[in-house]
Amino acid sequence: MLYSDAERLVDAARAAGVDATLDVGEGMLHDYQAVADAPEAVAATDRGAAFLRGAAGWS
């Protein structure tokens, strides 16, 4: 997904009342989250997991 596509998707989701977050890794390569041992990837994965836990109602 391209950045502009992601922006439109998040905007549309928010307009529909969905709790949507766009987490952008400024200056990072595309799919940097796939580099499992990179600190930025670990932090991004942790943020995503925290968002999903909150959305699911898990603490």
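**Close-up views of a predicted two-helix chain**

**View 1. A salt bridge within helix 1****.** The side chains of Asp5 and Arg8 meet in a salt bridge at 2.5 Å, N to O; the term denotes a side-chain nitrogen of Lys or Arg within 4 Å of a carboxyl oxygen of Asp or Glu. Both residues belong to helix 1, where three residues, about one turn of the helix, set them apart. Asp5 counts as partly exposed at 30% relative accessibility. Here buried means under 20% relative accessible area, exposed over 50%, and partly exposed in between, with a 1.4 Å probe and protein chains only. The model is predicted: local features need pLDDT of at least 70 and side-chain atom pairs count only at pLDDT 80 or more, while totals for chains, interfaces and linings use all residues. Residues are numbered from 1 along each chain as its sequence is written, and side-chain values use heavy atoms, with hydrogens and water left out.

**View 2. A salt bridge between helix 2 and the loop****.** A search of the whole structure finds two salt bridges. One of them joins the side chains of Arg47 and Asp23 at 2.7 Å, N to O. Arg47 lies in helix 2 and Asp23 in the loop between helix 1 and helix 2, so the pair ties together parts that are 24 residues apart in sequence. Arg47 is partly exposed at 41% relative accessibility, and Asp23 is also partly exposed, with a relative accessible area of 35%.

**View 3. The two sides of helix 1****.** Helices (H or I, at least four residues) and strands (E, at least two) are DSSP runs, numbered from the N terminus. In helix 1, Ala6, Val10 and Ala13 are buried. These three residues are on the same side of helix 1, because they cover an arc of only 65° around the axis; the arc is that of the directions from the helix axis to the C-beta atoms. Arg8 and Ala15, on the other side of helix 1, are exposed.

**View 4. The length and end of helix 1****.** Helix 1 runs over residues 3–15. Its 13 residues should span 18 Å at 1.5 Å a residue, and this agrees with its end C-alpha atoms, which are 18 Å apart. The expected span is 1.5 Å times one less than the number of residues. Gly17 follows helix 1 and has a positive phi, near 90°.

**View 5. A nonpolar surface patch****.** Tyr3, Leu22 and Val24 form this patch, with about 240 Å² of accessible area together. Patches are made of residues with over 30% relative accessible area and no salt bridge; like charges are joined within 9 Å, and nonpolar side chains (Val, Leu, Ile, Met, Phe, Trp, Tyr) within 5 Å. Accessible areas come from the Shrake-Rupley method with a 1.4 Å probe, and for residues only the protein chains shown count as cover. Tyr3 is placed in helix 1 and is partly exposed, at 47% relative accessibility.

**View 6. His30 and Asp31 in the loop****.** His30 lies in the loop between helix 1 and helix 2. His30 is exposed, with a relative accessible area of 64%. Its C-alpha atom is separated by 15 Å from that of Glu7, 23 residues apart along the chain. Asp31 is found in the loop between helix 1 and helix 2 (39–56). Although Asp31 is not a glycine, its phi is positive, about 65°.
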